[in-house]
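I opened this notebook to record what I looked up in the structure. I took the ligand site before the fold.

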Amino acid sequence: MELLKGKVAFITGGTRGIGFAIAKTYLENGATVVVCGSRKESAEKAVNELKKINKKFNIEGIYPDLTNYAEVEKAINDVAKKYKKIDILVNNAGVSARESIYSYDPKEFDSVMALNVNAVFYASKAVAPIMKANGGGVIINTSSMVSIYGQPAGCAYPTSKFAVNGMTKSLARELAPDKIRVNAVAPGVTDTDMVANLPEAMREGIKKTIPLGRIGTPDDVANAFLYLASDNASYVTGEILSVDGCARA
Ligand code: NAD
């Protein structure tokens with residue numbers, strides 16, 4: 001059954017990893033999908049890869065600067081004008097950095113916050129009036145396991161994801177009267193470029209901390225995004241859904 005038939009989804013960071021898997025899952029479930037990448041080339045590559053899976057997929061790639069409010073607002077307004085609505089916003093683009101606070105460049109801290117937090121606010125702010133006018137919608141943010149436990153280095157990243165949880169819970173309450181549900185998914189360690197460079201010994205060590213005994217796949221995480229975007233989650237809002245194999249770092 002196509003759970004998202006007729007829906008229009010806007011996915012940031014949809015060109016690889018978790019975002020790409022969300023785009024694929026949404027397309028397979030009948031949605032029209034617009035993916036945002038950081039560059040023209042990565043957006044085009046993702047669209048070509050998805051079209052190779054099924055040439056009938058309704059997929060488009062764009063590349064606004066997500067850290068610039070005017071660009072985000074224009075991108076969202078253009079998509080809403082073209083497709084007459086946006087039903088689902090997925091705020092998934094994110095960066096991680098693992099610097100120690102002793103060597104942390106404040107500019108690096110700002111750049112993590114700009115993409116992981118400010119961009120989530122920008123896209124949510126731009127899409128909310130469109131969803132309200134259309135009678136409702138769904139916003140889903142990519143948080144992280146570290147938003148619950150923190151991590152021993154690179155404090156900007158967990159700080160940003162704690163902020164994402166706070167924005168999720170607050171906007172869920174603020175936008176509920178407008179029938180806009182707002183949730184987050186908190187993945188554990190997931191096999192994407194973000195963790196691809198970890199040495200094998202470290203990956204084995206990580207697996208030992210995961211009761212399900214394996215690192216997550218982008219599809220594991222995308223299935224949670226499918227549930228939350230669908231009417232199966234019609235009474236779920238303000239939730240941070242852990243998808244981490246019960247890892248407790
Ligand atoms: P990834 O590096 O494979 O993909 C990141 C995505 O973000 C890409 O599509 C990229 O184009 C986009 N992006 C990066 N910088 C950007 C910028 N400046 N402007 C616009 N887009 C930009 O990473 P991933 O693992 O798929 O991460 C996706 C999300 O999942 C992130 O929010 C990340 O924090 C979160 N997450 C990942 C893991 C993990 O273990 N991989 C765990 C928990 C949470």
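**Entry 1: ligand surroundings.** I looked up which residues surround the ligand and found 26 of them, the closest being Ile18, Asn92, Tyr157, Thr190 and Thr192. I note here that the model is a predicted one.

**Entry 2: polar contacts of the ligand.** I then examined individual atom pairs. For Tyr157, I found a polar side-chain atom 2.5 Å from an oxygen atom of the ligand. Thr192 also contributes through its side chain, where an N or O atom is 2.5 Å from a ligand oxygen atom. At Thr190 I recorded a backbone atom, N or O, lying 2.8 Å from an oxygen atom of the ligand. I next asked how much of the ligand the protein buries. The ligand taken alone exposes 820 Å², and I noted that 90% of that is buried by the protein.

**Entry 3: the sheet.** I turned to the strands and traced an open sheet of 7 strands, with parallel pairing and the order β3-β2-β1-β4-β5-β6-β7. Its edges are β3 (59-62) and β7 (240-243), each of which pairs on one side only. I noted an average turn of 20° between neighbouring strands of this sheet, with direction ignored.

**Entry 4: helix α1 on the sheet.** I checked where helix α1, residues 17-28, packs, and found it on the sheet. The strands that α1 touches are β1 (8-12), β2, β3, β4 (88-91), β5 (137-142) and β6 (180-187). I recorded about 170° between the direction of α1 and that of β1.

**Entry 5: the β2 and β3 pair.** I looked more closely at one edge of the sheet. Strand β2, residues 32-36, pairs with β3 in the parallel sense over 4 bridges. For Cys36, I identified Ile62 in β3 as the bridge partner.

**Entry 6: the whole protein.** I closed with the overall inventory, which gives 9 helices and 7 strands. The radius of gyration is 17 Å, close to the 18 Å that the globule rule gives for 249 residues, and I therefore entered the protein as being as compact as a globular protein of that length. I also recorded the span of the C-alpha trace along its principal axes as about 50 × 40 × 35 Å.

Key
Residues are numbered from 1 along each chain as its sequence is written. This is a predicted model: local features need pLDDT of at least 70, side-chain atom pairs count only at pLDDT 80 or more; totals for chains, interfaces and linings use all residues. Side-chain values use heavy atoms; hydrogens and water are left out. Two strands pair if DSSP finds at least two bridges between them. Helices (H or I, at least four residues) and strands (E, at least two) are DSSP runs, numbered from the N terminus. Axes are lines fitted to C-alpha atoms, for helices over the stretch in contact, and angles run from 0 to 180 degrees between N-to-C directions. Contact means heavy atoms within 4.5 Å. A residue is near a molecule or strand if one of its heavy atoms lies within 4 Å of it. A polar contact is a pair of N or O atoms within 3.5 Å; within protein, one must be able to donate a hydrogen and the other to accept it, and residues adjacent in sequence count only if both atoms are side-chain atoms. Accessible areas come from the Shrake-Rupley method with a 1.4 Å probe; for residues, only the protein chains shown count as cover. The radius of gyration is taken over C-alpha atoms; the globule rule is 2.2 Å times the number of residues to the power 0.38.
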